[in-house]
Amino acid sequence: MRLYLFEHCSLCFRVRMIAALKHLHLQETVVLEDDSATMTKFVEKRVVPILVKDDGKPMLESMDIVHYIENLGERILTGPERSEIATWADRVPPKLSLLTWPRYSLLGLPEFATVAALDHYNVRKRKAIGDLAEHRLHTRQYINELMPDFEELDRLIESPRAVNGTLSVDDIRVLPLLRSAAVVKGLRFPTKVRDYFATMMTHIGYAPLPTA
Ligand SMILES: N[C@@H](CCC(=O)N[C@@H](CS)C(=O)NCC(=O)O)C(=O)O
């Protein structure tokens, strides 16, 4: 099976995470940010993650792909889910994107390997949220606005090896968002969040992304 992804994409990391937890090796192709042709070759729109299964059929939607992989062989996400975690994971991305989107293109990631790909991303994101450098100037304010969310998560984490004590879909919701947040230089996770992030990333064999 082959996963088409952007390195910075947290939804793509959901898929990489479940594959790693299940010790399942996925072939990976990092798509250049402006390479719409590769994405639309499988599906009618520009989107990643795309999982191309062994039978050649493409699959979309990160959580559908997670469930598909989870159901191959013995299940690993056997723990309970908590609605507070799902609510947290729905609430945080819009705030987080003001910190992360202006930074991803500074990290030397493979989807930005050409000037055209880099420009494509910067133009697209500027259209979505405005001037990226301007947003970086507001870093301290945005971090301060996010800290209550991380403090809430700190109170919710039950174990550094699973947010609810036993691995569950909630871990797939949370860890990729922490991986994204960790690109922000100056954002310091509270203790339990930091331990959870470090333990889980080591467990699945991924280094954090660079910071900026
Ligand atoms: N609901 C989809 C959303 C996927 C999604 O929004 N992917 C983003 C990258 S993180 C994307 O492909 N955006 C379109 C683009 O880059 O043009 C999922 O969970 O897989």
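This passage describes the domains, two helices, the ligand surroundings and several backbone features of a predicted model.

The domain assignment divides the chain into domain 1, residues 2–70, and domain 2, residues 83–204. The C-alpha centres of domain 1 and domain 2 are separated by 20 Å. To the contact between them, domain 1 contributes 16 residues and domain 2 contributes 19 residues. On the side of domain 1 that touches domain 2, the largest share is that of helix α1, with seven residues. By class, the residues on this side of domain 1 comprise ten nonpolar, two polar and four charged.

Helix α1 was examined further. This helix covers residues 10–21. Its twelve residues should span 16 Å at 1.5 Å a residue, and because the end C-alpha atoms are 16 Å apart, the expected and the computed spans agree. The helix is mostly covered, with nine of the twelve residues buried. The buried positions are S10, C12, F13, R14, V15, R16, M17, I18 and A19. Elements from both ends of the numbering serve as packing partners for these buried residues: the strands β1 (2–5) and β3 (50–52), and the helices α3 (62–70), α8 (169–181) and α9 (191–204). In an α-helix there are 3.6 residues a turn, so residues three or four places apart point the same way.

After α1 comes H23, which is placed in the loop between α1 and β2 (27–30). The phi angle of H23 is near 55 degrees, a positive value in a residue that is not glycine. H23 counts as exposed because it has 10 C-beta neighbours inside 10 Å, and a residue with 12 or fewer is classed in this way.

A second helix, α7, is formed by residues 139–156. From the first C-alpha to the last, the 18 residues of α7 reach 25 Å, close to the 26 Å expected at 1.5 Å a residue. The helix has a kink of about 35 degrees at L146, shortly before the proline P148. R140 also belongs to α7. R140 is exposed because 9 other C-beta atoms lie within 10 Å, under the cut-off of 12 or fewer. Although R140 and L187 are 47 residues apart in sequence, their C-alpha atoms are 8.7 Å apart in space.

The surroundings of the ligand were considered next. The residues around the ligand are F6, C9, L11, R46, V47, V48, P49, E61 and S62. In terms of class, six residues of this shell are nonpolar, one is polar and two are charged.

Several residues of the ligand shell also have notable backbone features. V48 and P49, both of which are found around the ligand, are joined by a cis peptide bond with omega of about 0 degrees. P49 is located in the loop between α2 (36–42) and β3. E61, another residue around the ligand, has a positive phi near 75 degrees and is a residue other than glycine. E61 occupies the loop between β4 (58–59) and α3. E61 is partly exposed because 14 other C-beta atoms lie within 10 Å, a count between the limit of 12 or fewer for exposed residues and that of 20 or more for buried ones.

Notes
Residues numbered from 1 in each chain as written. Predicted model: local features only at pLDDT ≥ 70, side-chain atom pairs only at ≥ 80, totals over all residues. Near = placed C-beta within 6 Å. Nonpolar A, V, L, I, M, F, W, Y, C, P; charged D, E, K, R; others polar. Helix = DSSP H or I, 4+ residues; strand = E, 2+ residues; numbered from the N terminus. Expected span 1.5 Å × (residues − 1). Contact = placed C-beta atoms within 7 Å. Bend = angle between axes of the 7 residues up to and from the residue. Domains from an automatic or database assignment.
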